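Colleague: Hi, got a minute to walk me through this one? I'd like to hear about the fold and a few residues.

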Amino acid sequence: MPIPELQSEVQQGARTSLRVVGESPAAAPASSAMLLYPRAVAHFVDVCVVQGFSVYGAKFFSVAILSLYAGEISGTGRGAGAVFRDAFSYSSAQLLAASCAALSVLYFIGLPLLMGRTLGQGLMGLRIVSDGGQPLTLRQLCLRMVGCVLSYASGGILCLVGLRQRDGRFLHDVISDTRVVKD
């Protein structure tokens with residue numbers, strides 16, 4: 001990166017200010033660090049969408065399971081509805097987790113593969129691009145999701161890596177050689 005040329009300006013009084021020669025503040029490109037707020041809002045929207053649809057996915061899975069065993073379950077002497085109610089009361093968290101995992105894969109890998117962005121990123125005017133300028137690949141998006149899962153599993157500590165980097169890329173961006181840019 002070239003070293004910018006500085007010019008000092010003397011104003012009324014004893015204060016001197018410095019500015020970069022040849023660049024106006026309006027012409028300077030937006031840094032990735034300035035995208036932290038839109039990225040956070042986009043991620044919040046995306047998580048809300050996935051969680052909201054996961055509830056309906058869990059209900060769909062439960063209805064599908066109940067319809068598969070609609071009659072009496074052999075060997076138990078109990079109707080499938082009673083067995084299902086008992087099982088669902090104890091394992092609704094597992095159904096919700098399975099639904100959330102399936103929808104997360106579809107949402108965070110499928111949508112960017114097709115459109116280059118998730119719904120939240122589209123709302124905030126952001127898109128995911130490959131670092132080299134090539135189209136996004138399935139491998140990159142899978143690595144991006146793994147990096148996201150690692151960041152969540154660390155309790156957000158690995159997200160601090162992105163806040164300390166000059167270009168504002170988070171762990172999942174670094175692992176997958178992608179970046180989020182403003183349209």
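Modeller: Sure, we can start with the overall layout and then go residue by residue. Keep in mind that this is a predicted model.

Colleague: Noted! How many helices and strands does the protein chain have?

Modeller: There are six helices and four strands in the protein chain. Reading from the N terminus, the order is β-β-α-α-α-β-α-α-α-β.

Colleague: And what share of the residues is buried?

Modeller: Of the 183 residues in the protein chain, 26% are buried. The exposed area of the chain comes to about 12,200 Å², with 66% of that supplied by carbon and sulfur atoms.

Colleague: What about contacts between residues at least 6 apart in sequence: what percentage join residues at least 24 apart?

Modeller: That would be 60% in the protein chain.

Colleague: Let's zoom in. Where does Gln121 lie?

Modeller: Gln121 is part of helix H3, which spans residues 119–124.

Colleague: Buried or exposed?

Modeller: Buried: the relative accessible area of Gln121 is 9%, and the cut-off is under 20%.

Colleague: So which residues does Gln121 touch?

Modeller: Leaving out residues up to four places away in sequence, Gln121 touches Ala42, Asp46, Leu126, Ile128, Arg144 and Val180. Its side chain also reaches the backbone nitrogen of Thr118, at 3.1 Å.

Colleague: Nice. Switching to the surface, which residues make the nonpolar patch?

Modeller: Val146, Leu150, Leu158, Val161 and Ile175 make a nonpolar surface patch of about 350 Å². One of them, Leu158, sits in the loop between helix H4 (138–153) and helix H5 (160–164).

Colleague: Why does Leu158 count as partly exposed?

Modeller: Because its relative accessibility is 30%, and partly exposed covers the range between under 20% and over 50%.

Colleague: Any backbone oddities to look at?

Modeller: Take Asp177: its phi is positive, about 55°, although Asp177 is not a glycine. Asp177 is placed in the loop between helix H6 (171–176) and strand E4 (178–182), and it is partly exposed, with a relative accessible area of 44%.

Colleague: Last topic, cysteines. How many disulfides does the structure hold?

Modeller: Zero.

Colleague: Then is Cys100 buried or exposed? And what is the relative accessible area of Cys148?

Modeller: Cys100 counts as buried, at 18% relative accessibility. For Cys148 the relative accessible area is 22%, so Cys148 is partly exposed. The 20% cut-off falls between these two values, which is why the labels for Cys100 and Cys148 differ.

Colleague: Great, thanks for the tour!

Terms used:
Residues are numbered from 1 along each chain as its sequence is written. This is a predicted model: local features need pLDDT of at least 70, side-chain atom pairs count only at pLDDT 80 or more; totals for chains, interfaces and linings use all residues. Side-chain values use heavy atoms; hydrogens and water are left out. A disulfide is a pair of cysteine sulfur atoms within 2.5 Å. Buried means under 20% relative accessible area, exposed over 50%, partly exposed in between (1.4 Å probe, protein chains only). Patches are made of residues with over 30% relative accessible area and no salt bridge: like charges are joined within 9 Å, nonpolar side chains (Val, Leu, Ile, Met, Phe, Trp, Tyr) within 5 Å. Accessible areas come from the Shrake-Rupley method with a 1.4 Å probe; for residues, only the protein chains shown count as cover. A salt bridge is a side-chain nitrogen of Lys or Arg within 4 Å of a carboxyl oxygen of Asp or Glu. Helices (H or I, at least four residues) and strands (E, at least two) are DSSP runs, numbered from the N terminus. A polar contact is a pair of N or O atoms within 3.5 Å; within protein, one must be able to donate a hydrogen and the other to accept it, and residues adjacent in sequence count only if both atoms are side-chain atoms. Contact means heavy atoms within 4.5 Å.
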